[in-house]
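Student: I am new to this structure and would like a close look at a single part of it. Could you take me slowly through one sheet and its surroundings, and then outward to the places where the chains meet?

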Amino acid sequence: MGLRQNNLLMLRKLAVVALGMFLFGYALVPIYKHICEMTGINILALGEKELPGSGNARLAKSDNTQVDTSRTITVEFDANSRGPWQFKPAQSSVQVHPGEMATVMYEFQNVQDRAISAQAIPSYAPTEAASHFNKMECFCFNQYTLAPGEKKQWPVVFVIDPKLSKSVNTITLSYTFFEVGSKTPVAPGSKVSAVSVSGEGV
Amino acid sequence: MINLHTNLKTASIGLMALGATAAWAVNDLPGGPAVNQLNLHPPATLIAQEQVWLHWFMLIICTVIFVAVFGVMFYSIWKHRKSQGHKPASFHESARVEIAWTVVPFIIVILMALPATKAVVASKDTSNAELTIKATGYQWKWGYDYINGEGEGINFISSLDQQQRAMSDSGKPEPTDDYLLKVDNPLVVPVGKKIRIITTSNDVIHSFAINSFGIKQDAIPGFVRDTWFRAEYVGDFRGQCQELCGKEHAYMPIHVKVVSPEDYTAWVAEQNKKLAAKQDDPSKVWTLAELTARGSKVYEANCQACHQATGKAMGPIKGLDGAAVVLNADSSKQINVLLNGQNNLTMPAWRQLSDTDIAAVISFTKNNWSNKTGQIVQPADVLAARQ
Amino acid sequence: MSAVLDPHGHGASDHGHDDHHGAPHGWRRWVYATNHKDIGTLYLLFAFTMLIIGGVLALLIRAELFQPGLQLVNPELFNQFTTMHGLIMVFGAIMPAFVGFANWMVPLQIGASDMAFARMNNFSFWLMIPASLMLAGSFFMPGGAPATGWTMYAPLTLQMGPSMDASILALHLLGASSIMGSINIIVTILNMRAPGMTLMKMPMFVWTWLITAYLLIAVMPVLAGAITMVLTDRHFGTTFFNPAGGGDPVMFQHIFWFFGHPEVYIMILPAFGIISQIVPAFSRKRLFGYASMVYATSSIAILSFIVWAHHMYTTGMPVTGQLFFMYATMLISVPTGVKVFNWIATMWKGSMTFETPMLFAVGFIFVFTMGGFTGLILSMAPIDLQLQDGYYVVAHFHYVLVAGSLFTMFAGYYYWSPKWTGVMYNEARGKIHFWWTLISFNVTFFPMHFLGLAGMPRRYADYPMQFADFNALASVGAFAFGIAQVYFFIYIVLPTMRGQGEPAPQRPWEGAEGLEWEVPSPAPFHTFENPPKLNADATRIVA
């Protein structure tokens, strides 16, 4: 093969590498989600719905429902509203033993004069507690539409896996409620409308 | 190092004498930066002490290696130059030498990593905290919520002192020891107790940091993170936001007051009384003079930064002077704006202010500048609107 | 007729070889350039222009920070300056300058007639012009330039005005330019070396560029992915970084720094290559440990892929994450140290002279190593908790990028400009430039270590007054540094471009080795049109 052909062949190979790395960049998105879930650091998948009787793998795994009375975990409840509504936990904290099921209610009220669709995402501190915090029932990741003035109460039912690292004895469960289709808020006093609002509920 | 320090100081003093238009004659701020500070802050927690020790450890080892290596280099520059008549040798490789100066640094690096590992593990251990406080980053202030432990339920916003912000704009701030580090409501914690800080954000990424405590934790919207500290002695400690968060990034400081357990209990009691007082206010009927006087203060602390002292429009920020929503005898729209925000929260919600404060500032806007409506809003009206 | 711009090889010395017919003249020569020397010149002049623009932004920043209080700009504009200073310097100055060096020197050093794809080479250069116009022009768009820092973290980027989108497009163009350039370099090096020049006989500059080019192809596309995600999050309803939609702002940091960390090695490896050419030349002694240098450079490149999260210690990653990235980062100091030792061993028992290229090379080794040590200190996660996002970090990266990359570019210019222009630069002025630059650089950036230890955060338009003196000192140093570079261009570079100076011999440096010294000074428009026959070392042509 002449020099020109050699060169062109190598160019094609390298171009494929470059394209492959671009796709790898996008592949990092699901890779990141999987690693977060595997290590229990962050649960990002919108598909997480821990409903009782759903045959969910997590539920099946936690057949060790032996309550470990030698340990007491303080679970703190935190709520963050990202919008014009009221959202708070009914209790600020509860003390449980690993393996013991507990329920806490969160209260939500739409104080606007229009209907709002919102959904909550959970977050845990410390991050390594997430993988051992089994929620039997939770309102996260579901979209809820509330009429003006409507009040709702939702339960979170959970069991802490006794395999939780011994060094953790306080867990903060935090929910942030976002309006569906909401974007990063515009910076206060900003001179430009930051991004165009594109339609259809995104 | 000492000579370098002295030379630098002399040089900078010289330059100051030459060129500076104002002598920045400030003092060291305890718990904050010292004038021309050269090293890390004096540690107020054991973790910070570990960090200071680790830094000295690294600095000394690196300096020793640096002096040794460049001693060799400068010796070579001096001795092995052509002008000295030195003829070049011909060696150009040696496997033994290469292995030696790969393995030895590798061992040094491992030795450095050992104490660092201990410190990392210790700083992440947030268990067994006696008090949990949530720090929420906003554009551009911090909100503190005491969510567990003594003082549970207390919450407030901590903003940069507005006069200092104005000083910055003036371009000629007066020498002030706590310049850009003074807030209206400092975070108060008891000494000697393990405090867990949960961070989150309302909008973009901020970062909560206090150098004296050796903590820094990013505040990420939609997620919580945690860190902890145990202050070893009482005092005032300062920090600043440590992640670019928009135009006022330099203007959202952190001030932590560490007090004795008794003082802390007293402070908690006082805060609870204030919170309770906020509940009591609605039954009281206020006069116009009382409301507008109080409203003026609320306006200065919260609204003035965007709506300006003149209340005039600026860019996308709506004017209040002469605004229809303010002049309207039906105050419910204005109350709603204050409670819930407007325009996708370009105008934020001010729900965290008390009913009395909201009533006062609305009454103030209705009776200031060219607005002379004579209308007032009572705290009870605001409370009703919250339901 | 200026020497470097004269296609017939005339100038102070008139060498008749390799003269050719029909060489382009006038504007067509430059717009349609396919000659690697011309394209190299274009890149270098472009990079210097961007250096000045980025430098002006830096001086605006330092002018504002000279005293506490806001004297010149509001904080929003200030952060537009910091952002564009970073983007312009990284993507407009440092990277194109090294590509310029590669274009000029790689074909000469391997005995090739030109780059593998001469027209793609032209396109790579000219893409940068609209890209940089967009970048620099973003100040004039509504809302001004982006003010997110060059790191463009989400979700702050989602709040920016239309200039953010323009910058993203500009970065795509710059990235495409880099990727095409890197493909060109790899193919040239792998396929077009003169017979007898095996990989392990190539000059170190060629080696470092080969490795850099692979790094570029691997990571620039990842940046392209990250900024495209920002673009679609901003306008097309995706929620990569929006927690409301199941996204994560921290994921942006992971993707960005997966690119970002190899990027900083992209910016330093060619510098290492230049130093590895200059130190042996002026020590009149072969580079010590050639094979070891190749392995060390390769190890640095490979390790650079697994350390990215040391930029993210404070984001809340678990202990194991912090420890892993800390160990991996500390490990990179080992091959880097090996390189420093090898350079010093090259000098040891050599016969050194200290013309300006050697001054800059030695200055580089000294000051870059300081930057390397502060990097090692920053890699310790507990210490990083004190220093993250503060001025210690700013000091560190300016030491390795300015005293690192930029000094080697100066060194490379002084070393090779006789070959490019056919005349010697003025040695006395070169020495002035060196000492002025070295001293003002240290006056500017050394105090920043103290500011960082004392807690001064980055990207702050105003600061507590205890930081005033060191800030004032840094500002004075910065202006002195800037003036030194203007002096460099007007009094050293321009005269040589105009052919003013002592005629340069073919081999101006006694100890210099390499095929570039086998051609006349200035290098004729076409060189090595037929592959040369080389000696056993592949350093000389045999008849």
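Tutor: Two strands are said to pair if DSSP finds at least two bridges between them. With that in hand, and keeping in mind that this is a predicted model, we can begin in chain B, where strand β5, covering residues 194–201, is joined to β8(B) by six bridges, the two strands running antiparallel. One of these matches can be named, since Lys194(B) has Arg230(B) in β8(B) as its bridge partner.

These two strands belong to a wider arrangement, an open sheet of five strands in chain B whose order is β3-β2-β1-β5-β8 and whose pairing is mixed. The sheet is bounded by β3 (155–158) and β8 (225–230) of chain B, edge strands that each pair on one side only. If direction is ignored, neighbouring strands of this sheet are turned against each other by 25° on average.

Another pair of strands in chain B deserves attention, namely β6, with residues 206–210, and β7(B), which pair in the antiparallel sense over five bridges. Within this pair, Ala209(B) stands opposite Lys216(B) in β7(B). The two strands β6(B) and β7(B) make a hairpin with four residues between them, and Gly214(B), in the turn, has a positive phi of about 75°.

Is β7(B) enclosed or open to its surroundings? For this step, a residue counts as buried if 20 or more other C-beta atoms lie within 10 Å of its own. Five of the five residues of β7(B) are buried, and therefore the strand is largely enclosed by the rest of the structure. Along β7(B), Ile215(B), Gln217(B) and Ala219(B) point one way, while Lys216(B) and Asp218(B) point the other way, and all of them are buried.

From here we can follow chain B outward to chain C, where 91 residues of chain B are in contact with 84 residues of chain C. On the chain B side, the elements giving two or more residues are α1 (2–19), α2 (46–79), α3 (95–123), α4 (162–170) and the strand we have just examined, β7 (215–219). Of these, α3(B) gives the most to the side that touches chain C, with 14 residues. By kind, the residues on this side of chain B comprise 47 nonpolar, 28 polar and 16 charged.

Chain C itself holds a helix worth a pause, α5 (residues 162–191), whose 30 residues should span 44 Å at 1.5 Å a residue; the end C-alpha atoms of the helix are 44 Å apart, so the expected and computed spans agree. This helix, α5(C), is mostly covered, with 22 of its 30 residues buried.

Chain C also meets chain A, in a contact that takes 40 residues from chain A and 39 residues from chain C. On the side of chain A that touches chain C, the elements giving two or more residues are α1 (3–39) and β9 (170–179) of chain A, and the largest share, 17 residues, comes from α1(A). The residues on that side of chain A divide into 26 nonpolar, eleven polar and three charged.

To place those two elements in their own chain, chain A has two helices and nine strands, which follow one another along the sequence in the pattern α-α-β-β-β-β-β-β-β-β-β. Of the 202 residues of chain A, 36% count as buried. Finally, among contacts in chain A between residues at least 6 apart in sequence, 70% join residues at least 24 apart.

Technical notes
Residues are numbered from 1 along each chain as its sequence is written. Chains are lettered from A and ligands numbered from 1 in the order in which they are written. This is a predicted model: local features need pLDDT of at least 70, side-chain atom pairs count only at pLDDT 80 or more; totals for chains, interfaces and linings use all residues. The expected span of a helix is 1.5 Å times one less than its number of residues. A residue is buried if 20 or more other C-beta atoms lie within 10 Å of its own, exposed if 12 or fewer, and partly exposed in between; C-beta atoms are placed from the backbone. Two residues are in contact if their C-beta atoms, placed from the backbone, lie within 7 Å. Ala, Val, Leu, Ile, Met, Phe, Trp, Tyr, Cys and Pro count as nonpolar, Asp, Glu, Lys and Arg as charged, and the others, Gly among them, as polar. Axes are lines fitted to C-alpha atoms, for helices over the stretch in contact, and angles run from 0 to 180 degrees between N-to-C directions.
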